[in-house]
Amino acid sequence: MNSQLQLHITNMTTNIRLVINCNNDITVGDLKRLIYNKNKDLHPCLFRLIHKSVELNDDELFLNDVDLSNGDNLYFVMKLSPEREFLL
């Protein structure tokens, strides 16, 4: 069933806060692109989305399969670049 969602996207320090309005029949990858459209510093391949302590790591997963509700909070975490991962 297709329904409208308003999602609150923030980072862990809450210095970036976005509100995304979308349908629940889009994919996680689509949501990441909507976030990028609001903040060009957040390229979809550079961050992960977290919902209820679960990483939404499958960009092909539909939002209606993730148990998202209208008004839910999602957190984004920046990924390490391959160069930085190697150094750690």
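**View 1. I50 in strand β3 and its partners on either side.** In β4, I50 has E55 as its bridge partner. Over in β5, the residue bridged to I50 is Y75. This is a predicted model, so read each view as a look at a computed structure. Strands β3 and β4 run antiparallel and are joined by 2 bridges. Strand β3 covers residues 47-51 and also pairs with β5, again in the antiparallel sense, over 4 bridges. As a reminder, strands of a sheet pair through backbone hydrogen bonds, either parallel or antiparallel. Strand β3 is largely enclosed by the rest of the structure, because 4 of its 5 residues are buried.

**View 2. The whole sheet, strand by strand.** Pull back a little and you find an open sheet of 5 strands in the order β2-β1-β5-β3-β4, with mixed pairing. Strands β2 (17-23) and β4 (54-55) are at the edges with a single partner strand each, so one side of each has no neighbour in the sheet. For orientation, the protein chain holds 2 helices and 5 strands. Starting at the N terminus, its elements go β-β-α-β-β-β-α. The protein chain has 88 residues, and 34% of them count as buried. Among its contacts with a separation of 6 or more, 52% are between residues 24 or more positions apart.

**View 3. Helix α1 over the sheet.** Here helix α1, residues 28-38, lies across β1 (4-11), β2, β3 and β5. Its direction makes an angle of about 135 degrees with β2. One residue to pick out on this helix is K32, which sits in α1 and is the subject of the next view.

**View 4. The salt bridge between K32 and D59.** The side chains of K32 and D59 come together in a salt bridge, 3.5 Å from N to O. K32 belongs to helix α1 and D59 to the loop between β4 and β5, so this pair ties together parts that are 27 residues apart in sequence. Which end of the pair is buried? K32 is, with a relative accessible area of 5%. D59 is partly exposed, at 34%. In total, the count of salt bridges comes to 4.

**View 5. R48, with a strand neighbour and a charged partner.** What stands opposite V77 in β5? That residue is R48. R48 also forms a salt bridge with E55, where the closest N and O atoms are 3.1 Å apart. Both ends of this bridge are partly exposed: R48 has a relative accessible area of 31%, and E55 has 36%. You have met E55 already, as the partner of I50 in β4.

**View 6. The hairpin turn at K52.** The hairpin of β3 and β4 has 2 residues between the strands, and K52 takes a positive phi near 55 degrees there. K52 is not a glycine, so that phi is worth a second look: most residues other than glycine have a negative phi. Where is K52? It is in the loop between β3 and β4. With a relative accessibility of 56%, K52 counts as exposed.

**View 7. K52 reaches D67.** The side chains of K52 and D67 meet in a salt bridge, with 3.6 Å from N to O. This pair links distant parts of the chain, 15 residues apart: K52 is in the loop between β3 and β4, and D67 is in the loop between β4 and β5. Are these two buried or exposed? Both D67 and K52 are exposed. D67 also has a positive phi, near 70 degrees, in a residue other than glycine.

**View 8. A nonpolar patch on the surface.** Finish with M12, Y75 and V77, which make a nonpolar surface patch of about 260 Å². V77 lies in strand β5, which covers residues 73-78. V77 counts as partly exposed because its relative accessibility is 32%. Y75 turned up earlier as the bridge partner of I50 in β5. For the wider surface, the protein chain exposes about 5,800 Å², of which carbon and sulfur atoms supply 50%.

How values were computed:
Residues are numbered from 1 along each chain as its sequence is written. This is a predicted model: local features need pLDDT of at least 70, side-chain atom pairs count only at pLDDT 80 or more; totals for chains, interfaces and linings use all residues. Side-chain values use heavy atoms; hydrogens and water are left out. Patches are made of residues with over 30% relative accessible area and no salt bridge: like charges are joined within 9 Å, nonpolar side chains (Val, Leu, Ile, Met, Phe, Trp, Tyr) within 5 Å. Accessible areas come from the Shrake-Rupley method with a 1.4 Å probe; for residues, only the protein chains shown count as cover. Buried means under 20% relative accessible area, exposed over 50%, partly exposed in between (1.4 Å probe, protein chains only). Two strands pair if DSSP finds at least two bridges between them. Contact means heavy atoms within 4.5 Å. Axes are lines fitted to C-alpha atoms, for helices over the stretch in contact, and angles run from 0 to 180 degrees between N-to-C directions.
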